[in-house]
Amino acid sequence: MTDDSLDHSDFSTLGFNTRAIRTGHQRTAEGEHGEPIFPTSSYVFDSAAQAAARFAGEEPGNIYSRFTNPTVRNFEQRLASLEAGERAVATSSGMAAILATFMGLLKAGDHVVSSRSIFGTSVILFNNYLGKFGVETTFVPLTDLSAWEKAIRPETKVLFLETPSNPLAEVADITALAELAHARGCLLVVDNCFCTPALQQPLKLGADIIVHSATKYLDGQGRCIGGAVVGSEDIVGKDVYGFLRTCGPTMSPFNAWVFLKGLETLKLRMEAHSKSALTLAQWLEGRTAVKKVHYTGLESHPQHALACKQQSAHGGVLSFEVNGSKEDAWKVIDATRFLSITANLGDAKTTITHPATTTHGRLTPEERAAAGISDGLIRVAVGLEEVEDVIADLERGLA
Ligand SMILES: *Cc1c(COP(=O)(O)O)cnc(C)c1O
């Protein structure tokens, strides 16, 4: 074989890992084996006539890296293939992916129904910024289908969710919500950051658009900020891409290259994260100092069956409640020796955080209680260290 450029839409015949490693590389005349980085802001034309044809859209090809870049395209085609989508566009961050989706699809007067259990900054984006431009958002409990149904209005255009949710691991029934969305003339947008396409492919379950923070598991080693939107050629290739090329929160070729290499090991990593998280969750469930463990891989999880139906494994993030107060939770966190006290996740390094005083610290005590974030709650994003060592690090504080 002389060319790595597998057709990115070829997701029916080749396996996930094959596509994760082979899709999208258009080998240059240098014959390079590794994917090249193209750090160029613009592109040169053979003639004035060719420049005119490119600008007029009569001839395909690169013009300027805010529009297209070969390294970024390589990442986009690979991710589109893994999510079984027609088209992916890369963005400068996960938040830029969500912003580009909504700016591309909505206008003043439109309405969004969103799960209330989403990334905190997404809530701020919806309330403070989309709201400023006349797009209103109603928040509903993720697992309450009738609440979603009741919240939909004639002007509702989009339903938005993350599943499993962070940090309590509630699961949305993607198929049921996609059916509801389509029956009411809406699109279903899923933030697939926690499972990634290695464990869950929402487009196959009926969702219309996937958004990603590539910063997390697609990178996998905590290096770069980035994001992506995946869906149909019509919606993502026109509406979302149109916003990106005009307004500019596009991905740099260097970051695209890091994510491209991240995708090659995505499934191996997600399986390893999931295996360790399950081992840790089962160990935590047997500890007297632990009141409750939230992880979809546990049979005690109220939606374990649904999670098993739509996910091939359960991911690296779990949370648990210690018997006691904020001080008791902080003691467990501070007793660890190598776990990283940081709110990030999706890294080879295990991270530990206290949601009530960090990610959810800006909520009032009442809002926190309604969201189920108790003072004793601790979130762990299990990395790729030996799980026995992670357990030993947590045991010190729990003993
Ligand atoms: C981190 C995160 C985002 C935002 O991504 P950035 O790359 O930090 O902009 C969005 N959604 C989820 C679920 C996240 O975890």
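## Ligand shell

Twelve named residues make up the surroundings of the ligand: S93, G94, M95, F119, E162, D191, C193, F194, S213, T215, K216 and G226. The model is predicted. Sorted by class, this shell holds four nonpolar, five polar and three charged residues. The charged members are E162, D191 and K216. Glycines G94 and G226 count with the polar group.

## Polar contacts and burial

Which side chain comes within 2.7 Å of a ligand nitrogen? That is D191, through an N or O atom of its side chain.

Ligand oxygen is approached as well. T215 places a polar side-chain atom 2.6 Å from an oxygen atom of the ligand. For K216, an N or O atom of the side chain is 2.6 Å from a ligand oxygen atom. Taken alone, the ligand exposes 380 Å², and the protein buries 91% of that.

## Cysteines

How many disulfides does the structure hold? Zero. A disulfide is a covalent bond between the sulfur atoms of two cysteines.

Take C308. The closest cysteine sulfur to its own belongs to C195, at 11 Å. The cut-off for a disulfide is 2.5 Å, so the C308 and C195 sulfurs are too far apart for a bond.

Is C308 buried or partly exposed? C308 is partly exposed, at a relative accessible area of 38%. C247 is also partly exposed, with a value of 48%. C193, by contrast, is listed here for its place in the ligand shell.

Note on methods
Residues are numbered from 1 along each chain as its sequence is written. This is a predicted model: local features need pLDDT of at least 70, side-chain atom pairs count only at pLDDT 80 or more; totals for chains, interfaces and linings use all residues. Side-chain values use heavy atoms; hydrogens and water are left out. Buried means under 20% relative accessible area, exposed over 50%, partly exposed in between (1.4 Å probe, protein chains only). A residue is near a molecule or strand if one of its heavy atoms lies within 4 Å of it. A polar contact is a pair of N or O atoms within 3.5 Å; within protein, one must be able to donate a hydrogen and the other to accept it, and residues adjacent in sequence count only if both atoms are side-chain atoms. Accessible areas come from the Shrake-Rupley method with a 1.4 Å probe; for residues, only the protein chains shown count as cover.
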